[in-house]
Amino acid sequence: MIRDAYGRSLATLRVSVTERCNFNCIFCHSEGAGRGSFDELSVNDYDMIAEATSRLGLKYVKFTGGEPLLRSDLEEIIHSFKEHGFEEISITTNGFLLPERTEGLKEAGVSWINVSLHSLKRQRFRRITGVDALNRVLNGIEKALENGIEVRVNVVVLRGINEDEVEEIVKYAIGKGASVHVIELHPVGNGAHIFRERHSREPIERLKKWLEEVADKKEVRELHNRPRYYLGKNFVELIEPVGNPYFCAGCTRLRLSADGKFYPCINVYQTHFDASRVLRSGESREIKIMKIIEGILELNDKRRPYYMWNLDFEAKGLMVKKGIQVGRIGLPKRAKLQFRSARVREGRPLEA
Ligand code: SAM
Ligand code: SF4
């Protein structure tokens, strides 16, 4: 298992297969993208990436976008990662094209599907996504469940729009036999534009209080230290990244953008490794794979938590508790450590 200088493992790959989308969500962070026009990577490119990352010990990949189902070859890409030994393969989709794709996705080997559902009210759904497609998305969720695919509903909490509906969406999903990810609005992309007006922690705190009372069991996942509350066999997971050093301390993720660049963090744009140059070179497959491995290892050395504690105080206790190493050799000086949540709470733009 590869670890970074802060003791965090590199275990999960988040792949944006396209920047194209058939929705226009008011909060979309586009996975930190918006890179203009470029050639998307091919199935063969992804096959080499799957081989390189699997040799590095990665076992979990998530496909996202834009809207990943706009790629008609997504099933082939999934199949390729499966062939290279990936054990958990999931996608996050807006669900519009899901009704027609569930069988193929199941056959390709998808482990579960996250379906974004930010409202159960038709007009609200349209206001948030720009598309009158609530029924199609609900149909997609049902089709996936009928085909025996695990579904996790993603809901982004928006002050003044759907904050009164979060519990209802949770109950809807659990009632259907799905799980739920309740997501705090992130100040990236369009999310940054509406952050001051729409970000609120209150609904999440309310939900947490309720879950603490009614859940059968609570777990804290390694990924982002996310709390997960079980209600029967399904669960509600809370994703609370904003100004949260505990979240960053558990970041085991590497990101690949649709134009072929690896990034360590959604908030960091300058630090990256451009694998598209390697993939487009005239080298042999084996040399390309070796160069991708080297590029990722170099990038891993530069990974650092975006939100950090004052390590002199809380972090030491926490990291010892989590059983991971405290920091690097030559621990950064206290003066250099950043705690940016104040900037975020003030609605000021984040620096990368
Ligand atoms: N198009 C697909 C979808 O909407 O599910 C996949 C791409 S989308 C960028 C991935 C996930 O990020 C979705 O669940 C979406 O709701 C969520 N998301 C987008 N912008 C966000 C933001 N600013 N803050 C928090 N979550 C966001
Ligand atoms: Fe498209 Fe997903 Fe962004 Fe909405 S959140 S605009 S569906 S990529």
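**Buried residues, cysteines and a ligand**

Me: Why is His-199 called buried?
Reply: The relative accessibility of His-199 is 16%. Buried means under 20%. The value falls below that cut-off, so His-199 counts as buried. Note that this is a predicted model.

Me: Where is His-199 in the chain?
Reply: His-199 sits in the loop between helix H7 (190-198) and helix H8 (202-214).

Me: What makes the pairing of His-199 and Glu-184 a polar contact?
Reply: Their side chains are joined at 2.7 Å. The cut-off for a pair of N or O atoms is within 3.5 Å. The distance passes, so the pair counts as a polar contact.

Me: Which residues does His-199 touch, leaving out those up to four places away in sequence?
Reply: Arg-159, Glu-184, Leu-185, Ile-194 and Val-242.

Me: Which residues does the UniProt annotation "binding site" cover?
Reply: According to that unreviewed entry, the annotation covers Cys-248, Cys-251 and Cys-265. They are spread over 18 residues of sequence, yet they cluster in space. The largest C-alpha distance among them is 9.4 Å.

Me: How do you know whether Cys-248 is buried or exposed?
Reply: Look at the relative accessibility, which is 7%. Buried is under 20%, so Cys-248 is buried. Its place is in helix H9 (residues 245-249). Beyond its neighbours within four places in sequence, Cys-248 contacts Arg-8, Pro-305, Tyr-306 and Tyr-307.

Me: Why is Cys-251 called buried?
Reply: Cys-251 has 14% relative accessibility. The limit is under 20%, so Cys-251 counts as buried. This cysteine is in the loop between H9 and strand S10 (253-256). Its contacts, again without neighbours within four places, are Arg-8, Ser-9, His-224 and Arg-303.

Me: Why is Cys-21 called partly exposed?
Reply: Cys-21 has a relative accessible area of 41%. Partly exposed lies between the 20% and 50% limits. The value falls in that range, so the label fits Cys-21.

Me: How many disulfides are there?
Reply: The count is 0. Take Cys-248: the nearest cysteine sulfur, that of Cys-265, is 6.4 Å away. A disulfide needs the sulfur atoms within 2.5 Å. The distance fails that test, so Cys-248 is in no disulfide.

Me: Which residues are closest to ligand 1?
Reply: Phe-27, His-29, Ser-116, Asn-154 and His-186. In total, 21 residues surround ligand 1. Strands S3 (88-93), S5 (150-157) and S6 (179-184) each supply at least two residues of the shell.

Me: What makes the approach of Ser-116 to ligand 1 a polar contact?
Reply: A side-chain N or O atom of Ser-116 is 2.6 Å from an oxygen atom of ligand 1. The cut-off is within 3.5 Å, so the pair qualifies. Two backbones join in. A backbone N or O atom of Thr-93 lies 3.2 Å from a ligand oxygen. A polar backbone atom of His-186 is 2.8 Å from a ligand nitrogen. Alone, ligand 1 exposes 540 Å², and the protein buries 95% of that.

Me: Which residues of helix H2 (residues 74-83) are buried?
Reply: Leu-74, Glu-75, Ile-77, Ile-78, Ser-80 and Phe-81. Their cover includes strand S1 (12-16), helix H1 (43-55), strand S2 (60-64), S3 and helix H3 (98-108).

Me: What follows H2?
Reply: Gly-85 does, with a positive phi near 90°.

Terms used: Residues numbered from 1 in each chain as written. Chains lettered and ligands numbered in written order. Predicted model: local features only at pLDDT ≥ 70, side-chain atom pairs only at ≥ 80, totals over all residues. Heavy atoms only, no water. UniProt positions renumbered as here; feature names shortened; annotations may be inferred. Helix = DSSP H or I, 4+ residues; strand = E, 2+ residues; numbered from the N terminus. Buried < 20%, exposed > 50% of the residue type's maximum accessible area, 1.4 Å probe, protein only. Contact = heavy atoms within 4.5 Å. Near = heavy atom within 4 Å. Polar contact = N/O pair within 3.5 Å; in protein donor to acceptor, adjacent residues only side chain to side chain. Areas by Shrake-Rupley, 256 points an atom, 1.4 Å probe, with all protein chains shown as cover.
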